[in-house]
Amino acid sequence: MSKYAYLGPVGTFTEAALRTITSPSDQLIPCANVTAALDMVREGGSDFALVPIENSVEGVVARTLDELAIGEPLIIVGEVLLPVTFALLVRDEKVEIKKIATHPHAEAQCRKYIAKNYPSAELISTNSTAAAAEALAKGEFDAAIAAEVAAQTYGLKVLNKNIGDSDAAVTRFVLVSKPGALPAPTGYDRTSLAAFIGIDHAGALLEVLTEFAVRGVNLTFIQSRPTGRELGHYHFIIDAEGHINDARVGDALTGLRRICEDIRFLGSYPRADKVAPTTTKTTSDAAFNTSNQWLEEVRKGRAT
């Protein structure tokens with residue numbers, strides 16, 4: 001049995017994603033927010049935590065990025081992709097809807113529906129969509145935007161289904177643990193890191209990107225975030241195809257470490273979509289190994 005903390009309360013999309021990778025014997029621990037879920041792992045109260053990191057419509061979950069990059073170190077060991085659909089929940093179908101509660105990411109994905117049907121309603125932000133449903137059940141608001149399953153969990157009624165602006169919305173969640181042994185390479189991996197540039201200067205981002213490009217490492221995600229030190233001081237969160245044990249990825253990270261003030265390695269782990277990295281003949285592990293062997297021969301005076 002393992003313990004899993006997650007963004008709660010019961011009925012969140014995070015819980016739904018978590019249940020796709022856990023067994024009935026595992027203990028699932030709902031937490032009030034992303035920080036609380038990650039702190040459960042840091043403090044030893046949980047073996048793992050599952051938290052959202054990005055959405056195909058709204059983009060990144062800034063709190064997760066900042067916690068992983070700047071908070072006490074944790075390592076990503078896996079990820080989950082979950083299609084998300086939203087419903088408008090109420091206690092009473094006849095009540096006038098003046099206040100709607102939901103998570104900011106959910107609100108952003110239902111803007112057209114809200115603007116068309118409830119243009120005058122006050123929108124209240126909550127820590128999660130399930131927290132909105134829970135508060136609605138307690139009589140704090142008139143309606144909530146949440147997963148349809150939350151209606152059953154909290155004894156609510158579904159006023160409208162599938163109210164999201166996109167039919168293809170997907171949220172990506174990451175599974176984290178304390179630093180330790182890395183998942184073995186699978187052939188369809190992702191490597192995440194935070195790169196801190198010492199002094200901002202013209203071409204700084206290009207220098208970072210070049211370390212990957214010249215080695216044929218494709219990036220799937222890059223996002224700048226403030227470090228909190230001072231205005232204008234940023235770091236970059238980067239996802240790259242491949243595993244740190246792959247020659248081209250390891251070589252890129254060593255090159256990046258030379259030009260950056262600091263690098264925080266965030267993990268190498270299997271991609272949920274099982275997409276293999278794009279490589280060429282000159283960027284394969286065999287090509288890197290052959291080049292390294294040639295260099296060793298040259299240094300020993302045996303190359304011809």
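In the predicted model, the buried residues of helix 9 are Arg-248, Val-249, Gly-250, Ala-252, Leu-253, Gly-255 and Leu-256. These buried residues of helix 9 pack against three strands and two helices, namely strand 12 (189–196), strand 14 (234–241) and strand 15 (262–270), together with helix 8 (204–213) and helix 10 (285–299). Helix 9 itself comprises 13 residues, 247–259, and its span of 19 Å from the first C-alpha to the last is close to the 18 Å expected at 1.5 Å a residue.

The largest nonpolar core has 30 residues, and within this core Phe-86, Leu-88, Ile-100 and Ile-145 have the most contacts. Two or more residues are given to this core by strand 1 (3–7), strand 5 (75–83), strand 6 (87–90), strand 9 (143–146) and strand 11 (170–177), as well as by helix 1 (13–18) and helix 5 (111–117). Of these elements, strand 5 gives the most, with four residues. Another core, of 23 residues, lies apart from the largest one and includes Cys-31, Leu-38, Ala-194 and Phe-196. In soluble globular proteins, nonpolar side chains tend to be buried together.

The surroundings of Ile-145 illustrate the packing in detail: when neighbours within four places in sequence are left aside, Ile-145 is in contact with Phe-86, Ala-87, Leu-88, Ile-100, Ala-101, Thr-102, Ala-106, Cys-110, Ile-114, Thr-129 and Ile-163. Among these partners, Ala-101 and Thr-102 are also touched by Thr-126, whose contacts beyond four places in sequence further include His-103, Pro-104, Ala-131 and Ala-132. Thr-126 is situated in the loop that joins strand 8 (122–125) to helix 6 (129–137). Despite this loop position, Thr-126 counts as buried, because its relative accessibility of 14% falls under the 20% cut-off. The side chain of Thr-126 also reaches the backbone oxygen of Ser-128, at 2.7 Å.

A second loop residue, Glu-58, is found between strand 3 (48–55) and strand 4 (59–60). With a relative accessible area of 32%, Glu-58 is classed as partly exposed, since this value lies between the 20% limit for buried residues and the 50% limit for exposed ones. Apart from neighbours within four places in sequence, Glu-58 is in contact with His-105, Ala-108, Gln-109 and Arg-111. Relative to Ile-259, which falls within the residue range of helix 9, Glu-58 is 201 residues away in sequence, and the two C-alpha atoms are 32 Å apart in space.

Methods
Residues are numbered from 1 along each chain as its sequence is written. This is a predicted model: local features need pLDDT of at least 70, side-chain atom pairs count only at pLDDT 80 or more; totals for chains, interfaces and linings use all residues. Side-chain values use heavy atoms; hydrogens and water are left out. Buried means under 20% relative accessible area, exposed over 50%, partly exposed in between (1.4 Å probe, protein chains only). Contact means heavy atoms within 4.5 Å. A polar contact is a pair of N or O atoms within 3.5 Å; within protein, one must be able to donate a hydrogen and the other to accept it, and residues adjacent in sequence count only if both atoms are side-chain atoms. A nonpolar core is a set of buried Ala, Val, Leu, Ile, Met, Phe, Trp, Tyr and Cys residues joined through side-chain atoms within 4.5 Å. The expected span of a helix is 1.5 Å times one less than its number of residues.
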